[in-house]
Amino acid sequence: TQSYLKVKLNEASSVTLSLFDVSGKRILQKACGKANKHMLNVASLPKGMYLLKVSNGSAEQAAFKILIE
């Protein structure tokens, strides 16, 4: 299993990564400095489906379904 979730952005940006379980509970949150590659440690999480939200602090946000096996 992967210990880290790797997030690659099109351009360098300071973002907040938030990981939610299927019930909508926030499991992890990490503020990341200005870069285009970020990593989130998911080694302690059980297998399952999660939602990753990437936010840059303004109105721009993106959400992705993540499957941890």
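Gln29 is found in strand S2 of this predicted model. Gln29 is partly exposed, at 46% relative accessible area. Its side chain makes a polar contact with the side chain of Arg26, at 2.6 Å. Across the sequence, Gln29 touches Thr16, Leu17 and Ser18, leaving aside residues up to four places away. Ser18 and Gln29 are eleven residues apart in sequence, yet their C-alpha atoms are 4.3 Å apart.

**Strand pairing**

S1 spans residues 4-20. S2 covers residues 26-41. These two strands pair in the antiparallel sense, over twelve bridges. Two of the matched positions can be named. Leu5 has Leu40 in S2 as its bridge partner. Lys6 stands opposite Met39, also in S2. The hairpin of S1 and S2 has five residues between the strands. Within this hairpin, Gly24 takes a positive phi near 95°.

S1 also pairs with S3, again in the antiparallel sense, over five bridges. Here Ser18 stands opposite Lys53 of S3. Ser18 thus appears in two settings: opposite Lys53 in S3, and in contact with Gln29.

S3 (48-55) and S4 (61-68) are the strands of another hairpin. They pair in the antiparallel sense over eight bridges. Five residues lie between the strands of this hairpin, and Gly57 takes a positive phi near 90°. Ser55 in S3 has Gln61 in S4 as its bridge partner.

The pairings are listed below.

| Strands | Sense | Bridges |
|---|---|---|
| S1 and S2 | antiparallel | twelve |
| S1 and S3 | antiparallel | five |
| S3 and S4 | antiparallel | eight |

**Ser55 and Gln61**

Ser55 lies in strand S3. Is Ser55 buried or exposed? It is buried, because its relative accessible area is 14%, below the 20% cut-off. Ser55 touches Ser14, Val15, Thr16, Glu60 and Gln61, with residues up to four places away not counted.

Gln61 belongs to strand S4. Beyond four places in sequence, Gln61 touches Lys53, Val54 and Ser55. Thr16 is 45 residues from Gln61 along the chain, and their C-alpha atoms are separated by 9.6 Å. Thr16 is among the residues that Ser55 touches.

**His38 and Glu11**

His38 sits in strand S2. It is buried, because its relative accessible area is 6%, under the 20% limit. Which residues does His38 touch, not counting those up to four places away in sequence? They are Leu5, Lys6, Val7, Leu9, Ser13, Val15, Leu17, Cys32 and Gly33. A polar atom of the His38 side chain also lies 3.1 Å from the backbone oxygen of Ala35.

Glu11 lies in strand S1. In contrast to buried His38, Glu11 is exposed, with a relative accessible area of 59%. The call follows because the value is over 50%. Glu11 touches Ala35 and Asn36, with residues up to four places away left out. Ala35 is therefore a shared neighbour: Glu11 touches it, and its backbone oxygen lies 3.1 Å from a polar atom of the His38 side chain. Tyr50 is 39 residues from Glu11 along the chain, and 24 Å separate their C-alpha atoms.

**The largest pocket**

The largest pocket has a volume of about 310 Å³. Its lining is made of 14 residues. Leu9, Val15, Val54, Asn56 and Glu60 lie nearest its centre. Strands S1, S3 and S4 are the elements that give two or more residues to this lining. Which element gives the most? S1 does, with seven residues. By class, the lining of the largest pocket divides into six nonpolar, five polar and three charged residues.

Several residues near the pocket centre recur in the contacts above. Leu9 and Val15 lie among those nearest the centre, and both touch His38. Val15 also touches Ser55, as does Glu60. Val54, another residue nearest the centre, touches Gln61.

Definitions and conventions: Residues are numbered from 1 along each chain as its sequence is written. This is a predicted model: local features need pLDDT of at least 70, side-chain atom pairs count only at pLDDT 80 or more; totals for chains, interfaces and linings use all residues. Side-chain values use heavy atoms; hydrogens and water are left out. On a 1 Å grid over the protein atoms alone, a cavity is a set of points where a 1.4 Å probe fits but cannot get out, and a pocket is an open set with protein on both sides within 12 Å along at least five of seven lines; lining residues have an atom within 4 Å of a point. Grid points are joined across faces, edges and corners, and a volume is the space filled by probe spheres set on the points. Helices (H or I, at least four residues) and strands (E, at least two) are DSSP runs, numbered from the N terminus. Ala, Val, Leu, Ile, Met, Phe, Trp, Tyr, Cys and Pro count as nonpolar, Asp, Glu, Lys and Arg as charged, and the others, Gly among them, as polar. Buried means under 20% relative accessible area, exposed over 50%, partly exposed in between (1.4 Å probe, protein chains only). A polar contact is a pair of N or O atoms within 3.5 Å; within protein, one must be able to donate a hydrogen and the other to accept it, and residues adjacent in sequence count only if both atoms are side-chain atoms. Contact means heavy atoms within 4.5 Å. Two strands pair if DSSP finds at least two bridges between them.
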